[in-house]
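Hi,

Here is the structure I promised to pass on. Have a look at it first, and my notes follow underneath.

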Amino acid sequence: MPRYTVHVRGEWLAVPCLNGTNTIRWLGKEAVRRYMKNKPDNGGFASVEEVKFYIRRCKGLGLLDLDDTVEDALEDNEFVEVVIEGDIMSPDFIPSQPEGVHLYSKYREPEQYISLDGNSLTTEDLVSLGKGLYKIKLTPEAEVKVKKSREVIERIVKEQTVVYGITTGFGKFARTVIPNSKLRELQVNLVRSHSAGVGKPLSPERSRMLLALRINVLAKGYSGISLETLQQVIEAFNASCLPYIPEKGTVGASGDLAPLSHLALGLIGEGKMWSPKSGWADAKYVLEAHGLRPITLKPKEGLALINGTQMITSLGCEAVERAGAIARQADIIAALTLEVLKGTTRAFDTDIHAVRPHRGQAEVAFRFRSLLDSDHHPSEIAESHRFCDRVQDAYTMRCCPQVHGVVNDTIAFVKDIMTTEINSATDNPMVFAERAETISGGNFHGEYPAKALDYLAIGVHELAAISERRIERLCNPSLSELPAFLVTEGGLNSGFMIAHCTAAALVSENKALCHPSSVDSLSTSAATEDHVSMGGWAARKALRVIEHVEQVLAIELLAACQGIEFLRPLRTTTPLEKVYDLVRSVVRPWMKDRFMAPDIEAAHRLLVEQKASVWEVAKPYIEKYRREHIPESRPISPTAFSLGSLEVNTGVGHDHGHHNEL
């Protein structure tokens with residue numbers, strides 16, 4: 001017998017349908033009737049017949065024709081919403097879809113799997129899992145480890161041994177022994193009481209990352225969870241059943257207790273849950289709609305699900321991947337700006353960077369050489385000012401390898417810490433099957449990812465700080481030799497005047513966000529947990545900083561492309577022309593003032609979309625240049641550098657004479 005889950009004024013109602021020829025109108029009336037039946041005042045209605053409504057799907061919010069039959073219009077167990085005419089949506093209402101509904105209405109269940117063993121997950125893999133590109137399965141070796149770990153817990157329970165979190169209370173109640181008859185209740189109470197987060201829910205992508213990362217940690221076999229329960233968690237992930245997880249509430253030790261408790265709460269069938277099929281609904285209905293059962297927690301399993309740094313680290317993985325992407329593209333955008341401002345390439349000479357051989361600095365200088373005027377890619381713009389009287393460029397152009405370079409090295413450092421952390425056991429107590437014992441420790445403490453993400457925010461912010469100064473140079477006619485604010489008929493038109501102000505505002509906001517959260521600590525749990533990492537805020541604000549950096553660089557990209565318009569018919573190098581063409585495919589030149597925000601958003605998308613990004617357009621040219629200049633792309637160590645090395649640099653990577661250097 002088909003059954004539908006219907007949302008009416010904040011309540012979810014299960015409505016069975018005996019006859020598939022019943023209409024959508026009948027379904028709406030039956031849902032309203034059941035809603036009225038549950039209300040002492042009938043919900044404010046005299047009768048069902050007086051209620052006027054329309055019905056829409058929860059997935060995609062598509063309106064349904066009231067005269068269609070349910071069997072023609074709906075799938076079994078589909079989620080729909082009755083919207084009563086005249087109702088006003090509360091500002092606190094949880095919508096049927098999260099932000100970005102247009103993205104999730106296109107969701108397709110993945111067919112490929114990633115095998116998790118707790119040891120080999122990468123940051124790239126985790127982000128892909130968050131995007132719903134893969135399902136999860138355990139390796140056979142992981143299954144064996146999980147089983148052996150659980151055997152230790154079963155033995156502890158059977159022998160009634162006193163062990164923290166298994167047969168005792170938690171935190172300040174660690175000395176309170178719990179009788180065997182209440183061990184299951186102990187775990188459920190733990191999850192319920194610790195589900196105390198506040199704020200907006202994590203997006204589906206971030207919830208998927210959090211759930212996937214917790215599965216990876218459990219797969220290591222040091223948590224004591226049963227294989228049966230872990231498989232239920234995996235089934236929920238594979239069905240994209242994602243609990244409501246408020247973004248605020250973790251202090252980052254003992255782990256991310258509040259967000260992970262909300263994660264576990266949905267898995268046991270309580271609280272809210274989201275799936276592409278249902279939108280937001282009661283967790284038990286969402287699980288049932290996907291043929292899944294709520295998890296029944298066994299001893300230790302509540303604690304196994306909620307103790308660890310996975311909130312900090314999953315968000316941190318997104319941050320480090322986005323940081324890497326924008327750092328690569330910042331070099332391309334800065335190179336385009338340098339062309340427009342008629343800068344020199346001499347500052348990127350191989351010998352300069354060989355004597356200060358930081359890896360990031362050398363790589364950035366190499367990218368500039370691969371994109372700017374050379375025998376490979378001659379530039380008519382560069383040729384036009386070959387014998388100008390300027391001596392050297394401003395720091396915002398000349399020092400890009402030094403400034404962008406340390407950002408690249410920072411990202412590499414943070415990525416190394418994140419990779420270690422996502423493959424680490426962070427429970428307490430730890431279950432060591434080979435020793436047949438549990439040991440209490442502090443692997444749940446989030447100081448490692450917290451410090452790393454504070455460092456990441458500080459590092460990546462500099463890309464926006466230097467970019468904003470380049471935007472100023474592009475907009476300022478006394479510095480650029482271009483029309484003021486990159487527009488004709490200045491005064492009538494304001495051009496990029498306020499776009500630059502937006503960039504300045506974002507950079508200023510980042511300065512506050514870059515204050516490290518991990519320098520703070522507040523004692524919690526009656527001084528039992530007397531030092532914490534505050535890593536949750538470190539992760540969230542790092543993502544905000546990175547988004548601002550992306551937006552500032554999007555503005556610079558638009559400004560640089562607009563500058564090109566005033567240098568025509570001269571052309572820049574082939575790779576930079578390809579970047580210009582990509583931008584012009586989504587944003588037309590600025591001939592006169594128009595609504596600016598959509599242009600900035602379009603350019604931002606070019607920086608964050610993997611398949612059509614600025615990096616993907618320029619990358620083939622950079623890599624071809626690398627293959628043809630392999631020796632110069634390798635930083636020279638201080639001990640290897642000698643006077644003799646100057647002999648090999650007979651033009652490779654050198655400037656063609658732009659600016660008269662004195």
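How many salt bridges does a search of the whole structure find? The search finds 36 of them, where a salt bridge is a side-chain nitrogen of Lys or Arg within 4 Å of a carboxyl oxygen of Asp or Glu. One pair to look up is Glu81 and Arg56, whose side chains meet in a salt bridge at 3.1 Å, N to O. Glu81 sits in strand β4 (residues 79–84) and Arg56 in strand β3, so this pair ties together parts that are 25 residues apart in sequence. Helices (H or I, at least four residues) and strands (E, at least two) are DSSP runs, numbered from the N terminus.

Before you go further, some ground rules. This is a predicted model, in which local features need pLDDT of at least 70 and side-chain atom pairs count only at pLDDT 80 or more, while totals for chains, interfaces and linings use all residues. Residues are numbered from 1 along each chain as its sequence is written, and side-chain values use heavy atoms, with hydrogens and water left out.

**Domains 1 and 2**

The domain assignment splits the protein into domain 1 (3–84), domain 2 (113–307) and domain 3 (315–522 + 532–628); such bounds come from an automatic or database domain assignment. Taken over C-alpha atoms, the centres of domain 1 and domain 2 are 33 Å apart. Nine residues of domain 1 touch twelve residues of domain 2, with contact meaning heavy atoms within 4.5 Å. Between them the two domains bury about 920 Å², 57% of it on carbon and sulfur atoms. That buried area is the accessible area (1.4 Å probe) that two parts lose on being put together, summed over both.

What holds charge to charge here? There is one salt bridge between domain 1 and domain 2. Glu288 forms a salt bridge with Arg3, and the closest N and O atoms are 3.1 Å apart. The count of residue pairs in polar contact between these domains is also one (both residues at pLDDT 80 or more). A polar contact is a pair of N or O atoms within 3.5 Å; within protein, one must be able to donate a hydrogen and the other to accept it, and residues adjacent in sequence count only if both atoms are side-chain atoms.

On the side of domain 1 that touches domain 2, the elements giving two or more residues are β1 (3–8) and β2 (11–16). The residues on that side divide into four nonpolar, two polar and three charged. For that split, Ala, Val, Leu, Ile, Met, Phe, Trp, Tyr, Cys and Pro count as nonpolar, Asp, Glu, Lys and Arg as charged, and the others, Gly among them, as polar.

**Strands**

β1 and β2 run antiparallel and are joined by six bridges; two strands pair if DSSP finds at least two bridges between them. Tyr4 has Val15 in β2 as its bridge partner. The hairpin of β1 and β2 has two residues between the strands, and Arg9 takes a positive phi near 45 degrees there.

Further along, three strands form an open, antiparallel sheet in the order β8-β10-β11. β8 (242–243) and β11 (279–282) stand at the edges with a single partner strand each, so one side of each is left without a neighbour in the sheet. Two bridges join β8 to β10, and the partner of Pro243 in β10 is Met273. Met273 also has a bridge partner in β11, namely Ala281. Four bridges join β10 (residues 272–275) to β11, with Ser275 opposite Gly279, and a hairpin of three residues connects these two strands.

**Backbone oddities**

Which peptide bonds are cis? Asn428 to Pro429 is cis, with omega near -5 degrees, and Pro429 is in the loop between α17 (400–422) and β12 (430–432). Arg568 and Pro569 are also joined by a cis peptide bond, with omega about 15 degrees; Pro569 is in the loop between α21 (535–565) and α22 (574–584). Finally, Asn42 has a positive phi of about 60 degrees although it is not a glycine, and Asn42 lies in the loop between α1 (24–37) and β3 (53–57).

Cheers
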